[in-house]
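Colleague: Please take a close look at one buried part of this model and describe its surroundings in a connected account.

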Amino acid sequence: MIRRLDDPTIAKIAAGEVVTRPASVVTELIENSLDAGATRIDVTVDGDGTERIRVADDGAGMSEDDAALAVERHTTSKLDGPDDVNAVDTLGFRGEALPSMAAVATLDVTTNDGGPRGTRVRVEDGEKRVDPAGRAVGTTVEVRDLFYNRPARRKSLAAARTEFGRISDVVTRYALANPYTRFSLTHDGRETFKTTGTGYTDAVLGAYGRDVAGQSTEFDHRTTVEFDGGVVSGANDTSSDESDGKEYPLEVEGLLVYPSITRAQHSHVHTAVNGRALRDEVIRKATVRGYGNLLSNGRFPVAVVAVSLPPELVDSNVHPAKERVAFRAETAISEAVETAVNDALTTADLRRSAAVAMDLDSSLASVSRDSDFDDVSVIGQFRDLYLLCEADDDLLVVDQHAAHERVNYERLRAALDGEAVESVDVDPAQTLSLSPPEAAAVESHREALSKLGFDLDPFGGSAFRLTAVPAPLGRVLDADALRDTLDTLRAGAKPEELRDELLKDLACHPSLKAGDTLAGEDATALLRRLGECDQPYACPHGRPTVLSIDESALVRGFQRGHRNLA
């Protein structure tokens, strides 16, 4: 039942504008649909979203009286009084969304709670009209001419493709956070995204495609958290024999993509708290820690991590736009997420091909100069990751991935030598399933991508056909270089700044990875090529390639008085 909030409750709710751009309208409407128990949510957008946004669901719907009241300020079905604000267990609890939309747009709400007929409530220029309407159980909200009376706000919006990209991001994140609800997104009459509502794997399949979803594992971790109002500890913490804290259930579930597939930005770690999709740093950092040393430096996983916990342990009212929450058991929750991720990856089959990636050797000539490591000999390999080398009185430890990355990068840079990035045709063209935000980035930055050497053609929905790649590689290795470029463009980088970053990414993808066994001749060749580089002691991203251990350190450690002492 919709009811008006009393003054004490209104005073406790974080103030602020709910509707700031088209994407925020979509967020509020999706959350209302989820709170109504919807199993299907269809989002339709025209243009940048200011023309029309329509969200239809099959949720519980509203009666005529509730629908008429729902468009009034400070009304909600989610709160009874001020005490409920700190223990809210729903998404769109404020009761601010619909009246906020009605204040800056033409609002139509058509709904039915199961009665013989539905109700249509229309608010235009502050005037409300209520009429009977035909509609099955559920609710459809249509927002037209957004910010018609706020010209400054409308002018401040980004380009249409950028605004739609933000909407795509919202729908994708909520679809991943709520995998048992069917989602669809249609833009200017073309369906760009959909999920089946049959679980995490299928949701990731809809967002990222078969290649990513096929290399993943679902997980479900259940534990308890002890909280006494001031002291937080994990359920298994035995540091104190006496505790009057109460135990609360905690569930961490989702999907983890294997570390063989990574991204350049952490935005692909999708987090959710009690069904709300948000960018939570506590959960994200704990997820990355859970992957541990399976990730290369500067790389991030693709993952969906959803935390479910009692409302007493989470404050959803700390941000006016509900973009973040505050945990009342942050340390214990963080540890639970890290443990859940680590346990899931420990039991997953992470085996991959150990083929040595020396692909650039066939397309790029060696740098013509003396090697700094001509007098260095390889004496072994440690953990299929580090080369152990003898250099006079020093023991050198070489990170083979960082070293190979430096070699590849300098060869790429030398091959281009200030020239534009050329393309080579991909025959046959490769079909890529991009996430909706990535697809929107392609449309927004098509010219920049072309200058960088990528040519793509739309192939229906969020699928594209990759018809050309940067010439230095000469063939398609995988789509990660393109995806990383899209991530960087979405992060706001200018196209002219991307050329060098692209070379770094192109150098990284074919480089040796942890677990690649390097035969003696290949190890020696890699070391020689590293020594030919202009900057052999750091990879393109700044990580060191070589560490040196002086023999005197070993002498001291083993308490030897002389190197030849028996």
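Modeller: Leaving out residues up to four places away in sequence, Ser168 touches Leu185, Pro436 and Pro437, where contact means heavy atoms within 4.5 Å. The model is predicted, with local features needing pLDDT of at least 70 and side-chain atom pairs counting only at pLDDT 80 or more, while totals for chains, interfaces and linings use all residues. Residues are numbered from 1 along each chain as its sequence is written, and side-chain values use heavy atoms, with hydrogens and water left out.

Ser168 is found in helix α6; helices here are DSSP runs (H or I, at least four residues), as are strands (E, at least two), numbered from the N terminus. At 1% relative accessibility, Ser168 counts as buried, the term for under 20% relative accessible area, with exposed over 50% and partly exposed in between (1.4 Å probe, protein chains only).

Helix α6 (residues 160-177) also supplies the largest share, eight residues, of the largest nonpolar core. Such a core is a set of buried Ala, Val, Leu, Ile, Met, Phe, Trp, Tyr and Cys residues joined through side-chain atoms within 4.5 Å. This core has 60 residues, and those touching the most other members are Ile30, Val43, Met101, Leu107, Val143, Val171 and Phe183. For Leu107, contacts beyond four places in sequence include Val71, Leu98, Met101, Val121 and Val143. Another core, of 31 residues, lies apart from it, with Leu278, Ala303, Leu309 and Ile333 among its members.
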